[in-house]
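Hi everyone, thanks for making time for this. I'd like to walk you through a structure I've been looking at, so let me put it on the screen.

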Amino acid sequence: MKQSAERNEVIARLRGEILSSGGTVFSSHSNDHPDLGPLNAAFPGHCFPFRGTHEFISHNSETAAATLGFMAGLLSRIMKGQEMAVWVGAHRTLFPPGLKTFCLVPDRIIFIDLVSEKEMLWVVEECLKCNALAAVVGEAPDIHPVALRRLQLAIEKSGVPCLLHRHRPRSVENTVCTTRWMITPVASLMEEGLPGVGYPQWQVALLKVRNGKPGSWQIMWDGQQFQPGGTESMEEQNIYIKAG
């Protein structure tokens, strides 16, 4: 009874936060596909498959940080106008103000921190049933195939995509996910003549995409959108570092 009461309280709080912020039904799930730049050609019909579960695999802290950055960029392409998203995890390593780098407004994201992975997956499933959300992000290393199927059933009804970050998974089994990604950090691309940290870059490996074309690309975030990465500029940076 206590667990049921706690679940009802979570649902009521989520509904209240979404409604109080003017959440509306996100009709662009099926009509206005996000522009992912060089990645578009990998998807069936050159359109990001909204109605699916998208897994992001990372095996260490460096790739986890790169993965979170890429996921933030992807989330910013999915969210439109005043729509909201939910980010659920057990150990939050994300710095919300840093999301502004990827054109995300932290106030439009509801962060839920839970201890139990079982609770996390339940909350993710319940959030996916709400078609007023732009997307739901979950962080869990391992997901039972049955739980993943439940998430997919919720997605098919609401049209809300699910982004799952699986950090240090015990195994990467052949799940029913729509896409599976592995993101590797690459030296940032700095504008010529300007000091400081440049645009973030990644080696983006699309390991699986249903009815699409898996591949690997060097991708850059230019502050507004995804662009092809700059290999030549990176080589120049490496020469400079060695010379120094």
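I'll start with the chain as a whole, move on to its largest pocket, then a helix, and end with two loop residues.

A word before we begin: what you see is a predicted model. The chain has 244 residues, and 49% of them count as buried. Its secondary structure comes to six helices and nine strands. For those of you who think in contact maps, take the contacts in the chain with a separation of 6 or more: residues 24 or more positions apart account for 71% of them.

Now to the pocket. The largest one holds about 450 Å³ of space. Twenty residues line this pocket, and those closest to its centre are Leu68, His91, Thr93, Glu139 and His165. Which helix gives the largest share of the lining? That is helix 3, with six residues. Helix 3 covers 61-78, and strand 5, at 162-167, is also a contributor, each of the two supplying at least two lining residues. If you're wondering about the chemistry of the lining, it divides into 11 nonpolar, seven polar and two charged residues.

Next, please look at helix 4, residues 117-128, where we can do a little sanity check. At 1.5 Å a residue, its 12 residues should span 16 Å; remember that the rise is multiplied by one less than the number of residues. The end C-alpha atoms of helix 4 are 16 Å apart, so the model agrees with the expected span.

At the N-terminal end of helix 4 there is a cap, provided by serine 116: one of its side-chain oxygens sits 3.2 Å from the backbone nitrogen of lysine 118. Further along, helix 4 has a run of buried residues from Met120 through Leu121, Trp122, Val123, Val124 and Glu125, and Cys127 and Leu128 are buried too.

Finally, for anyone who likes checking backbone torsions, here are two residues to click on. Histidine 46 has a positive phi, near 60°, and is not a glycine. You'll find histidine 46 in the loop between helix 2 (28-31) and strand 1 (53-58). Is histidine 46 buried or exposed? Its relative accessible area is 53%, so it counts as exposed, the cut-off being over 50%.

The other one is cysteine 103, again a residue other than glycine, with a positive phi of about 65°. Cysteine 103 lies in the loop between strand 2 (84-89) and strand 3 (109-113). With 36% relative accessibility, cysteine 103 counts as partly exposed.

That's my tour, and I'm happy to take questions.

How values were computed
Residues are numbered from 1 along each chain as its sequence is written. This is a predicted model: local features need pLDDT of at least 70, side-chain atom pairs count only at pLDDT 80 or more; totals for chains, interfaces and linings use all residues. Side-chain values use heavy atoms; hydrogens and water are left out. On a 1 Å grid over the protein atoms alone, a cavity is a set of points where a 1.4 Å probe fits but cannot get out, and a pocket is an open set with protein on both sides within 12 Å along at least five of seven lines; lining residues have an atom within 4 Å of a point. Grid points are joined across faces, edges and corners, and a volume is the space filled by probe spheres set on the points. Helices (H or I, at least four residues) and strands (E, at least two) are DSSP runs, numbered from the N terminus. Ala, Val, Leu, Ile, Met, Phe, Trp, Tyr, Cys and Pro count as nonpolar, Asp, Glu, Lys and Arg as charged, and the others, Gly among them, as polar. Buried means under 20% relative accessible area, exposed over 50%, partly exposed in between (1.4 Å probe, protein chains only). A polar contact is a pair of N or O atoms within 3.5 Å; within protein, one must be able to donate a hydrogen and the other to accept it, and residues adjacent in sequence count only if both atoms are side-chain atoms. Contact means heavy atoms within 4.5 Å.
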